[in-house]
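Subject: Structure for you to look at

Hello,

Here is the structure I promised you. Please open it and keep it in view while you read my notes.

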Amino acid sequence: MKYIDAAQVQKKMGSRLFANNLAKTLFFLATLFGLLVLAVLIYRVLADGLGSLNMGFLTNRLSTDPERAGIMGAILGTLWLMLVVAPVTMILGVGTAIYLEEYAKKGRLQSFIQTNISNLAGVPSVVFGILGLTIFARALDLGSIVLAGGLTMALLVLPVVVVASQEAIRSVPQFLREASYGMGATKWQTVKNVVLPASIPGILTGVILALSRAIGETAPLVVLGIPALLIPLPEGIFDRFTILPVQIYYWTLDSALVAEYANLAAATIVILLIVLFAMNSIAIIIRNKFQKRF
Amino acid sequence: MDHKSGKPIKVSELIQEKKKSKNFNQTFEKLIPGILLGIAAISILTTIGILLTLLTETINFFREVPFLDFFTGTQLKPLGENAVFGVLPLLTGTLISTAIAMVVAIPIGLMTAVFLSEYASEKLRRTLKPMLEVLAGIPTIVYGFFAFTFVTPLLRSFIPGLEPTNILSPGLVMGIMIIPMVASLSEDAMSAVPNTMREGALALGATKLEVTWKVVVPAAISGIIASFVLGISRAIGETMIVAIASGSSKNFTFDVTQSMQTMTAYIVEVTGGEAAAGTTLYYSLYAVAMTLFVFTLVMNLLAQYISRKFREEY
């Protein structure tokens, strides 16, 4: 008895192969679609923004006159914000990661913290904005200053740093720790002198990626009440401030009234994308260059 | 230590000194786990903080607006004398924009994942994947600008009735934003399917499409569905795209050519107007945020449940 009818197989072969090739083309086109949109988006932003982009735009303060408006305030605000976010999120993130990987006993508490962190990562950023508004801006009465915004942002990107640091610490091989213990080092000495130096490239990559997320986030700070008004340039972490994405937001909204604002928004996007691109490149370079393979 | 000064050294003193520093190191060593636990507890405090702030003000809100009126009300007029707070306009806005986004993100994301995991050569994969990651790394405010200044005018040229702010355009752009997320999570799930299963099917004479559709996708289905659910959660929580491109109309409608407001956009609008603390408007912010939080939390837990419960282990 024959299990396979050769004639039948032959007959269907053509359409099966055709379906396969059709699907392959379709899948390829779907992949290209995303990239095509990316290309159009970048082209549009450049086409709209390059005309307004000059030294004056970078160094001028905000103005209602599109000709004279600049983003110096937003650039300084973004820098001050990062000056708060970077150390806070690094200390909290790396500390949490060390605790979870090196100190916590496998058990309820550890898995509770772990689950909590992955759930925090899924909380919409606008809800973090409400947290910041309620706790930092109103309950602690900080108002819409750099410190309040920075702490809110630091909590928002914390899961990114924790997860990246955990992966980096986990990839440090056990024999390095054992060698350290074998020479009489204590647990903390081992962590400080062996584990952390070996995992620092991974941790730094995570921190940079977290910062680049923070630089682009808009919603929490809009909720916090960060204005795009003519305020003095921020000179420290206790000053009121604005940042690049918030500036883009208000200019885009107002472009319905004053068409030139759309170009200003596009020019600001160009700056923002350049900063993000530079940060991501640094992260990739660190990852490739300093990552030791054990 | 100080034998240069000529004093005779007592061994007992040296031991004492050594003990002192050892004692200090030991106490420090003992403190470390506590300090680190304190730092780790901040993430838990954040969750508690979110829950507490949302809960207390939401309770205040429901003292003034009945629970049922809020969840069944089709009218939302937060300003003025006779303010009405019905959340349904915001819920439909959120669900419709999410649905539009998923209509874009699910098929294209899944097809991209299949192409990268099953069809693309290793070299092509290594060029395409980072480019998709760029798409994922673009800030949402940029997508909002793109939806408002490019996609909406483009759509208006062949949908005449489309309003300058509408839910369709931000929905579509949100879908594009979520493609990389669905693609990369689904691809991870498919790449985890062992090659022996593919080879078994190929040896039986299946084409690549048949292998993909009948072997790889069913084997990876838990991860794929989880990626869809996470995509939905992301779309529900997305703020800036809708805040810019969908306007702030609070009409209860299902017409996608019209302006609608999502829960997230409402929060941005109300806080942007600096609602005075203690007013019903201010409390409504928290009630809406609580609803949003519950929605996304349920989605995230569902995704975790699916990928844990239905995972096929090989």
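Buried area is the accessible area that two parts lose on being put together, summed over both. Keep that in mind for the interface below. Also note that this is a predicted model.

**The interface**

Chain A and chain B bury about 6,300 Å² between them. Of that area, 78% is on carbon and sulfur atoms. On the side of chain A, Phe27(A), Leu41(A) and Ile130(A) lose the most area to chain B. Together they make up 9% of what that side buries. The contact involves 73 residues of chain A and 72 residues of chain B.

There are polar links too. Between the two chains, 13 residue pairs are in polar contact. Helix H1 of chain A, residues 6–49, gives the largest share of the chain A side that touches chain B, with 21 residues.

How many salt bridges does the rule find across the interface of chain A and chain B? One. Arg16(A) pairs with Glu210(B), and their closest N and O atoms are 2.8 Å apart. This pair runs from helix H1 of chain A to helix H8 (residues 208–219) of chain B.

**Salt bridges within a chain**

Over all chains, a search of the whole structure finds 11 salt bridges. Here are two that lie inside one chain.

Take Arg44(A) and Asp48(A). Their closest N and O atoms are 3.4 Å apart. Both residues sit in helix H1 of chain A, four residues apart, or about one turn of the helix. Is Asp48(A) buried or exposed? The cut-off for buried is under 20% relative accessible area. Asp48(A) has 18%, so it counts as buried. Arg44(A) has 24%, so it is partly exposed.

Now go to chain B. Arg125(B) forms a salt bridge with Glu187(B), with the closest N and O atoms 2.2 Å apart. This pair links distant parts of the chain, 62 residues apart. Arg125(B) is in helix H4 (residues 122–137), and Glu187(B) is in helix H6 (residues 168–191). Arg125(B) counts as partly exposed because its relative accessibility is 23%. Glu187(B) counts as buried because its value is 1%. Salt bridges with shared partners join Glu122(B), Arg125(B), Arg126(B), Lys129(B) and Glu187(B) into one network.

**The nonpolar core**

The largest nonpolar core has 184 residues. Which residues have the most contacts inside it? They are Leu221(A), Ile50(B), Leu54(B) and Ile267(B). Helix H3 of chain B, residues 88–119, gives the most to this core, with 15 residues.

Look at Leu54(B) up close. Beyond its neighbours within four places in sequence, Leu54(B) is in contact with Val127(A) and Ile130(A) in chain A. In chain B, Leu54(B) is in contact with Tyr286(B), Ala289(B), Met290(B) and Phe293(B). Ile130(A) has come up before, among the chain A residues that lose the most area to chain B.

**Two residues in helix H9 of chain B**

Find helix H9, residues 221–237. Ser233(B) is there, and so is Ile236(B). Ser233(B) counts as buried because its relative accessibility is 4%. Ile236(B) is buried too, at 3%.

What does Ser233(B) touch, not counting residues up to four places away in sequence? The answer is Gly122(A), Thr296(B), Met299(B) and Asn300(B). With the same neighbours left out, Ile236(B) touches Thr94(B), Thr98(B), Thr264(B), Leu292(B), Phe295(B), Thr296(B) and Met299(B). The C-alpha atoms of Ile236(B) and Leu168(B) are 15 Å apart, with their places 68 residues apart along the chain.

**What the record says**

An unreviewed UniProt entry marks transmembrane regions in both chains. In chain A, they include residues 120–139 and 194–215. Residues 120–139 are 85% helix, and the end C-alpha atoms lie 22 Å apart. Residues 194–215 are 100% helix, with the end C-alpha atoms 32 Å apart.

In chain B, the annotated regions include residues 132–155 and 211–232. Residues 132–155 are 92% helix, with 24 Å between the end C-alpha atoms. For residues 211–232 the helix share is 95%, and the end C-alpha atoms are 28 Å apart.

Best wishes

Notes. Residues numbered from 1 in each chain as written. Chains lettered and ligands numbered in written order. Predicted model: local features only at pLDDT ≥ 70, side-chain atom pairs only at ≥ 80, totals over all residues. Heavy atoms only, no water. Core = buried A, V, L, I, M, F, W, Y, C linked by side-chain atoms within 4.5 Å. Buried < 20%, exposed > 50% of the residue type's maximum accessible area, 1.4 Å probe, protein only. Helix = DSSP H or I, 4+ residues; strand = E, 2+ residues; numbered from the N terminus. Contact = heavy atoms within 4.5 Å. UniProt positions renumbered as here; feature names shortened; annotations may be inferred. Buried area = accessible area lost by both parts, 1.4 Å probe. Salt bridge = Lys/Arg side-chain N within 4 Å of Asp/Glu carboxyl O. Polar contact = N/O pair within 3.5 Å; in protein donor to acceptor, adjacent residues only side chain to side chain.
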